[in-house]
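User: I would like to learn how to read the backbone, confidence and packing features of a model. Please take them one at a time.

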Amino acid sequence: MESLTTWIEGLLADNTIFTLQTLSYYGEGLTTTVQLVFLSLIIGLVLAVPLAIGRGSKHQWIKMPIFFYCYVFRGTPLLVQLYLIYYGVVFIDGIQDTWLWVILEKPFVPALIAFTLNTAAYTTEIFRGAIKSTARGEIEAARAYGMSWWLMMRRIVLPSAFRRALPAYGNEVIFMLHASAIASVVTIMDLTGAARFVYARFYAPFDAFLFVAAIYLCLTFSILYLFRYLEKRLLAHLKPSGQ
Amino acid sequence: MIDLHGYGPRLFEGAMITIQLGVLSLILSVILGLLTASAKMSRSWLLHRIGTLYTTIIRGVPDLVLMMLLFFGGQIGINQVTDWLYYQFDIDIFINVNEFVAGVLTIGLIFGAYMGETFRGAFMAVDNGQIEAGRAYGMTNWLVFRRIRFPLMMRHALPGLSNNWMVLLKTTALVSVIGLSDMVRVAAEASKATREPFTFMLIVAGIYLLIASVSEWGFARLQKRYDVGFGESN
């Protein structure tokens, strides 16, 4: 570790902008971005599965609210949703005196809530499409075996639906990574926040933003290749034969 | 009646800016998209590479970062060019980057990449026989494009185009961050001043949903128009 820092210091010897100090901002920003994206995706995924099942329900009172939720969150900009939750929470009367304020004081939690609700809406639509396209024969076979609805969902419908949803979900993950840049607007020091700080400090937009763009590009490609690998593993049976 | 604390007219102006911004960047992105699609399909190795590089980079970097790069960096870049012109050729010009123009250029540039992918797929879906028939009639390349390839391509491109437009519309909200007074920025200012975030943000959300619904209807009509001659099934 010690030798690594001296090595980097040597590389940056003649650089006024990229010092160990600013690189550590980018490092912290990277951690925040990854945390924010990862947490919102995980929670969003957990929310989306029951919502996607409910979206296909026969009962209007289950179906309609979920449809409305997806429509609103997919039809409005994430920035508006973030503002709504961020300012909405701050301006609740008397919230500053409660224990909740300890968590909500920092913009991280409102941002996490906004991102989670947003990705859950998109993921619900992705899963709904995948569940809807389950082959009828598979469902009939499950029924013929006397499986209960729950068992059929768990063993037949969901496993194959998840696989079919994989390519679209990969896009959603990349979309979420890019959308997380918005967090910097509510003073979160994510990757973009770090770049904005460096820009403001040194008035060097090209250095600050091109560097962060390169980091995002690397992250995007890592996600892309991860999902390509997963698709190759999990969707092998769907490939046209002879390949 | 909802009390807007006098922010009503500004909110309306902001909505107009959002719509103008959206439509102008849509036009720019369609033009760029057509160029990109042509570049990616061309036989020239260089054009193909340039097209691929453009779409890869744009789609791999967040919109907000690109917007800040072009907006904050654009002014410095232009200043450097005008300085150079001044010292080299004694030409004295000053160009100030206007937020609105910067917004249109950035959003157009970003979505040009997405449109390029949409158009490329759509162009490839056009039956080759149709183009050959056009050539056999002695049409020039441009005439083949205008009368045969473009109308046939649009039929396949419209679903993707409508999808891109919906995303573009939502992306316009980001210009509020670089200082343009679109409706999101007005609503954010109003929220802070009046401490009533729900009133203003919900109105803005409602306007976005309204624009989206109207354009969905518009695209459905366009689709019907371009589907003429392809049976009533779709």
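## Reading the features in turn

Analyst: A:Tyr203 has 12 other C-beta atoms within 10 Å and is therefore exposed. On this count, with C-beta atoms placed from the backbone, 20 or more others within 10 Å make a residue buried, 12 or fewer make it exposed, and values in between make it partly exposed. The model is predicted, so local features need pLDDT of at least 70 and side-chain atom pairs count only at pLDDT 80 or more, while totals for chains, interfaces and linings use all residues. Residues are numbered from 1 along each chain as its sequence is written, and chains are lettered from A and ligands numbered from 1 in the order in which they are written.

User: What is the phi of A:Tyr203?

Analyst: Most residues other than glycine have a negative phi. A:Tyr203 is not a glycine, yet its phi is positive, near 50 degrees. This residue sits in the loop between helix 9 and helix 10 (205-234) of chain A. Helices here are DSSP runs of H or I with at least four residues, strands are runs of E with at least two, and both are numbered from the N terminus.

User: Where is the place of A:Thr187, and is A:Thr187 buried or exposed?

Analyst: A:Thr187 is in the loop between helix 8 (149-179) and helix 9 (191-202) of chain A. A:Thr187 counts as exposed because it has 12 C-beta neighbours inside 10 Å. It too is a non-glycine residue with a positive phi, about 65 degrees.

User: Which elements of chain B have the lowest and the highest mean pLDDT?

Analyst: pLDDT is the predictor's confidence in each residue, on a scale from 0 to 100. Within chain B, the lowest mean, 84, belongs to helix 3 (residues 63-89) and the highest, 92, to helix 1 (residues 8-41). The average for chain B is 87, and 97% of the residues score at least 70. For the model, ipTM is 0.86 and pTM is 0.87.

User: How many helices and strands does chain A have?

Analyst: Chain A has 10 helices and 0 strands. Its radius of gyration, taken over C-alpha atoms, is 22 Å. The globule rule (2.2 Å times the number of residues to the power 0.38) gives 18 Å for 243 residues, so chain A is more spread out than a compact globule. The C-alpha trace of chain A spans about 75 × 60 × 30 Å along its principal axes. Of the 243 residues in chain A, 34% are buried.

User: At what angle do helix 6 and helix 8 of chain B pack?

Analyst: Two packed helices are described by the angle between their axes and the distance between the axes. In chain B, helix 6 (residues 141-171) and helix 8 pack at about 175 degrees, with axes 10 Å apart. The two helices are therefore roughly antiparallel; the cut-off for that is over 145 degrees, while under 35 counts as roughly parallel, 65 to 115 as roughly perpendicular and the rest as oblique. The residues of this contact divide into 12 nonpolar, 3 polar and 1 charged.

User: Which residues of helix 4 of chain A meet helix 7 of chain B?

Analyst: Helix 4 (residues 78-90) of chain A packs on helix 7 (residues 183-194) of chain B at about 0 degrees, with the axes 11 Å apart. That makes the pair roughly parallel. A:Leu79, A:Val80, A:Tyr83 and A:Tyr87 meet B:Val184, B:Ala188 and B:Ser191. This contact has 6 nonpolar residues, 1 polar and no charged.

User: How many residues of chain B are in contact with chain A?

Analyst: Contact requires C-beta atoms, placed from the backbone, within 7 Å. By this criterion 28 residues of chain B touch 28 residues of chain A. On the chain B side, helix 2 (45-60), helix 3, helix 7 and helix 8 (197-226) each supply at least two residues. That side has 22 nonpolar, 3 polar and 3 charged residues.

Key:
Axes are lines fitted to C-alpha atoms, for helices over the stretch in contact, and angles run from 0 to 180 degrees between N-to-C directions. Two residues are in contact if their C-beta atoms, placed from the backbone, lie within 7 Å. Ala, Val, Leu, Ile, Met, Phe, Trp, Tyr, Cys and Pro count as nonpolar, Asp, Glu, Lys and Arg as charged, and the others, Gly among them, as polar.
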